[in-house]
Amino acid sequence: MCGKSGCAKGLSGLHPFCNPMASKETLPLLGNLRKKTRNRYVLVIHGGLYPEQQAKYRTALAEALRSGYEVLSDGGNAMDAVVAAVAVMEDNPLFNAAKGAVFNVDGKIELETSLMLSKPPSSNPEIPLTRRGLGITLLTRAKNPSHLVRSLYLSPSLAPHTFLSGNTAEALGESLGETLVDPSYFFTEHRWKEHRRGLGLPEDPLPCLDCCAEAPSLPLDQLPTGTVGAVALDVEGCIAALTSTGGRTNKLVGRIGDTPLMGAGFWAEEWKQTGWLSKVWSKLTNRHRAVKSIGISGTGDGDYFIRQATAVTIARRVRYLHETLDKAAKHAVKDLQDAGGIGGVIGLDGTGCVTMPLNCPGMYRGVIREDGIPKTAIFDDEEVA
């Protein structure tokens, strides 16, 4: 989605994945350009696959986009913008992340999240250039996994690794002020019934009567497997990608999907353009070679995203084959389909171009640019201008 329709000023990026009837997990995006003394910014998101209660999902997507936009329009960084956008979806039981997460085969919640930046955020210049991102899995008490992964990313001395799990990650987060909750917080009636139906078991009685009072009506993704995510580009040219999920309904205990695995379900990087033409142009104009950047977040059948290394494959096609972001993303999503996987991605590059290809009937997604107007789509034949 580049050119006049895809490279406008703004903020874009948010996704909750495709048709849960056909897929397993879901996916986000944000970007900016420099115009004179000020760069553009964009945010894109995804919230999973294939909905039926369209109005509720479109409203929720728009709310998430506006939350991220508030950060970007005030000059904030991409990292904080994607956290703001994803946290809105994590707090909404409609989406398969945090409050709306699905149950595993034992009737428990195990959450996953990840964060990756093309370069350290301008607000934290002390972060090493080599500290690219962080994935976290098997969370059971983190109220907002998106907040937790940001806190740990910003604490390299406390959490120097690229991948953490379970109690260790949550204990470190709590020491940094992050909120932990009792696992009953994540219980929702509709997710419980989906879990029981999937195992061929009676839906009643409910195990947590006190926490069902505010359960929403049956959600759009009636057999959810989705993931939510966002990619953003800020005025400093930094791209951040954040993903959060409850995984697959009735997954095996301890199963780890693509969401926390760098290169599979998420990716962000920047590089200097190479090649003889670039070198000649740089010498003739006495300018530094152009810096390219990209951010990807995916949603769908996570096992196939892992096998195909989908997110980093898109970046490598752009960097080494010199494909456009849109062409590279569509190629990777087609590869998923050819291998038997269902899914979609949201992507953003340093010029503000956005792509949101999918190989299933629908994916909750949206974009917001500098004009502050959130634009959302659900079905595969819908365009997000």
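Author: A residue is called buried when its relative accessible area is under 20%, exposed when it is over 50% and partly exposed in between (1.4 Å probe, protein chains only). This is a predicted model, in which local features need pLDDT of at least 70 and side-chain atom pairs count only at pLDDT 80 or more, while totals for chains, interfaces and linings use all residues. Residues are numbered from 1 along each chain as its sequence is written, and side-chain values use heavy atoms, with hydrogens and water left out.

Reader: What share of the 385 residues of the protein chain counts as buried?
Author: The secondary structure of the protein chain comes to ten helices and 16 strands (DSSP runs numbered from the N terminus, H or I of at least four residues for helices and E of at least two for strands). When the 385 residues of this chain are sorted by accessibility, the part that counts as buried is 58%.

Reader: How many salt bridges does a search of the whole structure find?
Author: A salt bridge is scored where a side-chain nitrogen of Lys or Arg lies within 4 Å of a carboxyl oxygen of Asp or Glu. With that rule applied to the whole structure, the number of salt bridges found is 13.

Reader: How many residues apart in sequence are the parts that Arg 150 and Asp 80 tie together?
Author: Arg 150 and Asp 80 form a salt bridge whose closest N and O atoms are 2.9 Å apart. Arg 150 belongs to helix H4 (residues 145-153) and Asp 80 to helix H3 (residues 78-90), so the pair ties together parts whose separation in sequence is 70 residues.

Reader: Is Asp 80 buried or partly exposed?
Author: The relative accessibility of Asp 80, the acidic partner of Arg 150 in the salt bridge, comes to 26%. Because that value falls between the two cut-offs, Asp 80 counts as partly exposed.

Reader: Which residue of strand S10 lies 9.3 Å from Arg 150, C-alpha to C-alpha?
Author: The residue in question is separated from Arg 150 by 92 residues in sequence, with 9.3 Å between the C-alpha atoms. Its relative accessible area is 0%, so it is buried, and its place is in strand S10. The residue is Leu 242.

Reader: By about how many helical turns are Arg 191 and Glu 194 separated?
Author: The side chains of Arg 191 and Glu 194 meet in a salt bridge of 3.4 Å, N to O. Arg 191 is buried at 1% relative accessibility, and Glu 194 is likewise buried at 1%. Because the two residues stand three places apart in helix H6 (residues 189-198), their separation is about one helical turn.

Reader: Which residues do salt bridges with shared partners join into one network?
Author: Arg 255 and Asp 303 form a salt bridge with closest N and O atoms 3.4 Å apart. This pair links distant parts of the chain, 48 residues apart, with Arg 255 in the loop between strand S10 (239-245) and strand S11 (266-272) and Asp 303 in helix H8 (residues 302-308). Arg 255 is buried at 14% relative accessibility, whereas Asp 303 is partly exposed at 23%. The network joined through shared partners consists of Arg 248, Arg 255 and Asp 303.

Reader: Which residue in the loop between S10 and S11 has a positive phi near 60 degrees without being glycine?
Author: The residue lies in the loop between S10 and S11, where its relative accessibility of 17% makes it count as buried. Its phi is near 60 degrees, a positive value in a residue other than glycine, and its name is Asn 250.

Reader: What is the phi of Leu 138?
Author: Leu 138 is placed in strand S7 (residues 133-139), and a relative accessible area of 23% makes it partly exposed. Although Leu 138 is not a glycine, its phi is positive, at about 55 degrees.

Reader: Which elements do the buried residues of H9 pack against?
Author: In helix H9 (residues 310-320), the buried residues are Thr 310, Ala 311, Val 312, Ile 314, Ala 315, Arg 317 and Val 318. They pack against S11, strand S12 (291-300), H8, helix H10 (325-339) and strand S13 (343-349).

Reader: Leaving aside neighbours within four places in sequence, which residues is Asn 92 in contact with?
Author: Asn 92 is found in the loop between H3 and strand S6 (111-117), and its 16% relative accessibility makes it count as buried. With contact taken as heavy atoms within 4.5 Å, and with neighbours within four places set aside, the partners of Asn 92 are Ala 60 and Gly 100.
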